[in-house]
Amino acid sequence: MIIKKNNKKIKPNDKITIYENNNKIQINYTQQQPKSFPIKKINNNYYENKNKKIKKITHSSKRNHKNSNYVSSAKLQTLIKFNFIGSPDNESFITLTYKYPNYDPSQLNKDFNKFIRKLKSKNKNLGFIRINELQQNKSFHIHLLLKNVPNLNKLKIQNLWPHGLINYKPIENQIGVNKLANYFKYSPNSDNKKKITKSKLLEELPTGINLYSKSKNIKFPTIKKAEYKDIQPIIENYNLLSVNAYQIIDSNGQIVNQINKEFYNKK
């Protein structure tokens with residue numbers, strides 16, 4: 001499959017999906033809707049497919065199922081875009097690393113929970129998205145997006161994380177938010193070597209370790225269906241932040257789908 005950008009626009013009568021939360025709106029248009037087939041799970045080892053045949057479930061110790069990775073990555077990007085606005089006074093992007101390699105998921109959770117409890121004790125409205133990642137040596141590290149935590153700096157974070165080095169950066173604006181969301185995009189077929197490496201390391205995450213977790217005050221947007229013309233009176237009160245339009249082309253050079261995304265912020 002090849003992804004090719006183009007300038008095709010959404011038509012008034014096109015069916016769209018609208019995502020809305022925290023004064024933000026995203027409009028998605030997909031020309032060819034994916035087909036869905038009911039699959040009935042029988043137990044942890046077997047399922048019944050669309051042809052009523054019993055199939056064995058293949059278990060893996062790694063997250064090497066691409067569909068699952070695409071879905072998790074897309075959900076993570078949505079959470080970032082709809083819950084952060086780019087406010088350097090109280091939003092930040094942090095990386096927590098280990099001086100000595102840590103391969104133990106339970107120790108990772110223990111260290112993080114202790115860290116976030118200390119931080120939350122002085123910031124009751126703290127919101128966070130935690131992203132688990134592997135380094136090249138397969139040791140864990142954590143990326144963390146924080147909101148509602150004012151007066152934060154690198155020294156304060158380092159004092160709360162004695163296990164290794166940290167990186168701290170305020171999230172400056174909406175452009176910074178979008179860049180962070182794109183940073184965590186699952187892109188195994190990218191032309192960018194760093195993106196490919198990052199995607200492969202996601203596939204190496206052990207089963208049972210989620211790509212991300214979040215605090216309760218980090219919310220998914222509401223979702224509704226409509227025609228493109230129906231949303232026009234609403235988005236008049238919004239600023240258009242970004243537009244993406246691209247085609248999906250198969251190995252035979254045939255266009256199999258057209259996808260459009262528009263992102264708005266309230267004026």
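1. A salt bridge is taken here as a side-chain nitrogen of Lys or Arg lying within 4 Å of a carboxyl oxygen of Asp or Glu. By this rule the count comes to four salt bridges, and it should be read with the caution that the model is a predicted one.

2. One of these pairs is formed by Glu 227 and Lys 15, whose side chains meet at 3.3 Å, N to O. Glu 227 belongs to strand E12 (residues 222-227) and Lys 15 to strand E2 (residues 15-21), so the pair ties together parts of the chain that are 212 residues apart in sequence. The two partners differ in how they are covered by the protein: Glu 227, at 19% relative accessibility, counts as buried because the cut-off for that class is under 20%, whereas Lys 15 is exposed, with a relative accessible area of 58%.

3. A second pair joins Glu 133 and Lys 198, with a distance of 2.4 Å from N to O. Since Glu 133 lies in strand E8 and Lys 198 in helix H5, this salt bridge ties together parts that are 65 residues apart in sequence. Glu 133 is buried, with a relative accessible area of 12%, and Lys 198, at 17% relative accessibility, also counts as buried.

4. Glu 204 and Lys 138 form a further salt bridge, at 3.9 Å from N to O, a value to be read against the limit of within 4 Å. The pair links distant parts of the chain, with Glu 204 in the loop between H5 and strand E11 (212-214) and Lys 138 in the loop between E8 and strand E9 (140-147), 66 residues apart. Glu 204 is partly exposed, with a relative accessible area of 27%, and Lys 138, at 38% relative accessibility, likewise counts as partly exposed. Elsewhere, salt bridges that share partners join Lys 15, Glu 227 and Lys 229 into one network.

5. Turning to the surface, Lys 120, Lys 124, Lys 214, Lys 216 and Lys 219 gather there in a patch of positive charge. Among them, Lys 124 is placed in the loop between helix H2 (105-120) and strand E8 (127-134), and Lys 124 is exposed, with a relative accessible area of 64%.

6. The surface also carries a nonpolar patch of about 280 Å², made by Ile 42, Tyr 46 and Ile 54. Of these residues, Ile 54 can be placed in strand E6 (residues 54-56).

7. Pro 188 is worth a look when the fold is traced. Its place is in the loop between helix H4 (174-183) and helix H5 (193-203), and at 16% relative accessibility Pro 188 counts as buried. Although Pro 188 and Ile 2 are 186 residues apart in sequence, their C-alpha atoms are 12 Å apart in space.

8. As to annotation, an unreviewed UniProt entry assigns residues 92-184 to "domain: Replication-associated protein ORF2/G2P", and such annotations may be inferred rather than shown by experiment. In the predicted model, the chain over residues 92-184 is 35% helix and 28% strand, and the end C-alpha atoms of this stretch are 16 Å apart.

How values were computed: Residues numbered from 1 in each chain as written. Predicted model: local features only at pLDDT ≥ 70, side-chain atom pairs only at ≥ 80, totals over all residues. Heavy atoms only, no water. Patch = residues over 30% accessible without salt bridge, like charges linked within 9 Å, V, L, I, M, F, W, Y side chains within 5 Å. Areas by Shrake-Rupley, 256 points an atom, 1.4 Å probe, with all protein chains shown as cover. Lys, Arg positive; Asp, Glu negative; His and termini not counted. Charge placed at Lys NZ, Arg CZ, Asp CG, Glu CD. Helix = DSSP H or I, 4+ residues; strand = E, 2+ residues; numbered from the N terminus. Buried < 20%, exposed > 50% of the residue type's maximum accessible area, 1.4 Å probe, protein only.
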